[in-house]
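Notebook open, coffee poured. I want to go through the interface first, then look at the chains one by one.

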Amino acid sequence: MNSRQMFLDQLRAGLKGLPRSVVEDILSEYTAHFDDGHTAGRSDSAIASALGDPARLARELRAEAGLRRWEDERSLSNALGAIVGVLGLAALDMLVVLPVLMTVASVDIAFFIAGGCICLAGSLLLPLALVNLIPGFEGDWLQGVLISLGMASGGASVVAVCVLFTLGIINLLVRYGRAHYRLIVRATPS
Amino acid sequence: MEPNLIQFRKGVLELCVLALLSQADSYGYDIASRLSETIDMGEGTIYPLMRRMQKDGLVSTYFVESSSGPPRKYYTLTENGRQSLNRQNAAWTAFTKAVASILGQRDTPSATPAPHGSTTLTVQKA
């Protein structure tokens with residue numbers, strides 16, 4: 001197999017998972033590049049080695065596509081896509097970043113769950129407090145109502161803060177990914 | 001290779017592409033080969049960059065029928081791209097001037113004793 005076909009095949013393999021039209025568009029760009037290089041009198045293998053490692057190019061293109069989808073539409077699957085893209089991009093740096101990220105994420109999730117529970121408990125207690133029927137509660141009616149109201153709204157704000165925090169972290173990751181693009185280093189084609 | 005050099009190139013790549021396109025519209029192979037001659041970058045990286053710049057609205061594309069093979073995709077600067085070029089150009093010029101003046105100060109014997117300066121340099125390189 002010649003180096004041109006090998007480059008294009010590896011690129012296609014690396015782009016798996018992107019929409020078909022995008023993959024075809026990208027491949028046609030690189031095909032045109034080979035054609036132009038050929039016209040300029042360069043050999044396929046010279047063009048391929050000047051282009052760089054197709055697997056890494058594919059990672060960059062995928063990561064960019066993932067980040068872009070997240071910026072266009074904030075949804076859970078797009079957030080995951082962006083994170084996976086960034087992880088794939090900077091695998092080595094991630095050895096350092098990942099433990100930190102995991103810790104932050106688990107604390108975030110813990111607060112989220114705790115906030116949700118407190119909010120739920122407060123909301124369940126409120127109707128009972130209104131009719132002064134909380135089991136085992138010694139205070140008067142006003143105290144009961146205020147405590148359950150406080151729990152419901154306090155829990156809700158913890159949840160809200162967690163959501164904002166999560167959004168912030170994902171945006172930070174997006175910027176991290178951009179800053180760490182290995183755009184220039186010339187890789188040895190594998 | 002000096003590791004900082006990679007970061008330097010990364011930083012100015014977009015500026016260089018904008019500057020090339022401000023002279024004339026161009027297509028992928030042409031941009032890649034001209035930039036790889038001057039700033040020694042992997043030619044393949046131009047395509048991810050062009051996609052990003054297109055999505056950022058800095059460049060737009062159109063197709064031109066070619067005598068051989070399929071139509072060729074040309075890139076042209078948008079108004080946004082032109083403004084970005086002006087901003088980046090100004091920032092780059094101011095920045096390099098500032099850095100050059102600092103580097104220049106260190107080289108002048110009156111500011112720092114020359115032997116001292118050169119030993120520091122060697123140590124850093126080694």
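**Entry 1: who touches whom.** I started with the contact count: 23 residues of chain B are in contact with 27 residues of chain A. I'm keeping in mind that this is a predicted model. I then pulled the buried area, and about 2300 Å² goes under between chain B and chain A. Carbon and sulfur atoms give 56% of that. Which residues of chain B lose the most area to chain A? I got Y29(B), Y47(B) and R51(B), which together make up 28% of what the chain B side buries.

**Entry 2: charges and polar pairs.** How many salt bridges does the rule find across the interface of chain B and chain A? It comes to six. I zoomed in on one pairing, R42(A) with E43(B), and noted 3.2 Å between the closest N and O atoms of this salt bridge. For polar contacts across the interface of chain B and chain A, I have eleven residue pairs, with both partners at pLDDT 80 or more.

**Entry 3: which elements of chain B do the touching.** I mapped the chain B side onto its secondary structure. At least two residues each come from α1 (3–23), α2 (28–39), α3 (46–55) and β3 (72–77) of chain B. The top contributor to the side that touches chain A is α3(B), with six residues. I also sorted that side of chain B by class and wrote down ten nonpolar, three polar and ten charged residues.

**Entry 4: a closer look at α3(B).** I checked whether this helix is covered or open, and it is mostly covered, with eight of its ten residues buried. My list of buried positions in α3(B) runs I46(B), Y47(B), P48(B), L49(B), M50(B), R51(B), R52(B) and M53(B). Two of these names were already in my notes: Y47(B) and R51(B) are among the residues of chain B that lose the most area to chain A. Just past the end of α3(B), I found G57(B) with a positive phi of about 80°.

**Entry 5: chain A on its own.** I turned to the partner. Chain A has seven helices and zero strands, so to speak a plain α-α-α-α-α-α-α when I read along the sequence. I looked up burial next: of its 190 residues, 33% count as buried. For contacts in chain A with a separation of 6 or more, I get 66% from residues 24 or more positions apart. Last item for the day: chain A exposes about 10500 Å², and carbon and sulfur atoms supply 70% of that.

Terms used: Residues are numbered from 1 along each chain as its sequence is written. Chains are lettered from A and ligands numbered from 1 in the order in which they are written. This is a predicted model: local features need pLDDT of at least 70, side-chain atom pairs count only at pLDDT 80 or more; totals for chains, interfaces and linings use all residues. Side-chain values use heavy atoms; hydrogens and water are left out. Contact means heavy atoms within 4.5 Å. Buried area is the accessible area (1.4 Å probe) that two parts lose on being put together, summed over both. A salt bridge is a side-chain nitrogen of Lys or Arg within 4 Å of a carboxyl oxygen of Asp or Glu. A polar contact is a pair of N or O atoms within 3.5 Å; within protein, one must be able to donate a hydrogen and the other to accept it, and residues adjacent in sequence count only if both atoms are side-chain atoms. Helices (H or I, at least four residues) and strands (E, at least two) are DSSP runs, numbered from the N terminus. Ala, Val, Leu, Ile, Met, Phe, Trp, Tyr, Cys and Pro count as nonpolar, Asp, Glu, Lys and Arg as charged, and the others, Gly among them, as polar. Buried means under 20% relative accessible area, exposed over 50%, partly exposed in between (1.4 Å probe, protein chains only). Accessible areas come from the Shrake-Rupley method with a 1.4 Å probe; for residues, only the protein chains shown count as cover.
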